[in-house]
Amino acid sequence: MNLPSTAPCGPAPALPANAESAWDPLTCFRKYNEFAASLEGWFGPPAIALWDALLVFQRERGIRGPMLEIGVWRGRSAALLALHAEPNSKLFLCDYKFHGPSIHRALELARPDKDLELVRIDGDSTNLHVHDIAREQFRKLRWMHIDGEHSARAVTSDMRAANTLLAPDGVLVIDDFFSWQYPQVTEAVLRYVRTQPEDFALFLCGYNKAYLARPHAVHRYLEYVASDLGDALAARGVDATLAKTTYPAEMNTFGVGPRRDGLALRGPDWEERTIRY
Ligand SMILES: C[S@@+](CC[C@H](N)C(=O)[O-])C[C@H]1O[C@@H](n2cnc3c(N)ncnc32)[C@H](O)[C@@H]1O
């Protein structure tokens, strides 16, 4: 039995042990698209599809926990996190300037049942290391999105906070990676990963964001990207090419972008049909 498309999100309702496979993985995506057009922000359809696919992957693998967004604006990306959060978990939202009642409206649309605890952190994210969250949520976050101040200094500081907060199997997402407007964001992310390789590994980039996981868990995400992400994006209306264009020892990161040359997966220029990771 598939849940109707308007069913509230969160874990599937109590069903027999073998029935989890009947849960419709597109439930949150459909529900989000019912109201996304009314939410102001920069979070575009391919990134929405990508987040949704990764969040469903986490759910299917039993990866649970609170989530945090730095830089909320009017709640467009936070609303998708709210849809995916398990009941009775926490969604932390950090912004130094909350932008009016629209955030509450976005979250109300996503979570009318109010079984999710929203924790507002009003303030500069570079102070997160002295906030209670640093102790209370140590290594617990399933998902963290950095989309606040786009200086290298702030991105580096936010990544340090992510190292304190992210769970061993969580995902860290950083906005405006490879954006021509914010080259310092790209520099900060690559510099951090290069100088602190024990903290995070960059497994995917594209549609304006970087996706990182803990080095000990990153193989799970790489496997998912190589084997299932293309189909998951297509199911959400995004025809993408996943590119893995060099040897893993050189850089073990997929790129994702609009479909090129009819290829769903593309290897190096000298071996286009071979994917190594
Ligand atoms: C690009 S908007 C976020 C967009 C939102 N994530 C979305 O996709 O809908 C950036 C937000 O970061 C906030 N911000 C900027 N610098 C910050 C800082 N140092 N600490 C916390 N929030 C900050 C701004 O107030 C703004 O709301």
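I146 stands opposite I174 in strand β5. This pair belongs to the pairing of β4 with β5 (residues 166–175), where the two strands run parallel and are joined by five bridges. The model is a predicted one, and the description below starts from β4 and works outward to the chain as a whole.

Strand β4 covers residues 141–146. Besides β5, strand β4 pairs with β1 (residues 67–70), again in parallel, through four bridges. Within that second pairing, L68 stands opposite M144 in β4. Buried here means under 20% relative accessible area. Six of the six residues of β4 meet that criterion, so the strand is largely enclosed by the rest of the structure.

Two cysteines can be placed on the same scale. C94 has a relative accessibility of 1% and therefore counts as buried. C205 has a relative accessible area of 13%, so C205 is buried as well. The structure holds zero disulfides.

The secondary structure of the protein chain comes to ten strands and eight helices. Of its 277 residues, 53% count as buried. The accessible surface of the chain is about 12700 Å², and carbon and sulfur atoms supply 53% of that area.

The overall dimensions come next. The C-alpha trace spans about 55 × 50 × 35 Å along its principal axes. A compact globule with 277 residues would have a radius of gyration near 19 Å; the protein chain has 18 Å, so the value agrees with that expectation. The contacts can be described by their separation in sequence. Among contacts between residues at least 6 apart in sequence, 69% join residues at least 24 apart.

How far can the prediction be read, and what is the mean pLDDT of the chain? The mean is 92, and 92% of the residues reach 70 or more. In the protein chain, confidence is highest in strand β7 (residues 209–213), at a mean of 99, and lowest in helix α4 (residues 102–110), at 85. Residues 1–17 need a separate remark. Over this stretch pLDDT stays under 50, and the model has 31 contacts for it beyond four places in sequence.

Definitions and conventions: Residues are numbered from 1 along each chain as its sequence is written. This is a predicted model: local features need pLDDT of at least 70, side-chain atom pairs count only at pLDDT 80 or more; totals for chains, interfaces and linings use all residues. Side-chain values use heavy atoms; hydrogens and water are left out. A disulfide is a pair of cysteine sulfur atoms within 2.5 Å. Buried means under 20% relative accessible area, exposed over 50%, partly exposed in between (1.4 Å probe, protein chains only). pLDDT is the predictor's confidence in each residue, from 0 to 100. Contact means heavy atoms within 4.5 Å. The radius of gyration is taken over C-alpha atoms; the globule rule is 2.2 Å times the number of residues to the power 0.38. Accessible areas come from the Shrake-Rupley method with a 1.4 Å probe; for residues, only the protein chains shown count as cover. Two strands pair if DSSP finds at least two bridges between them.
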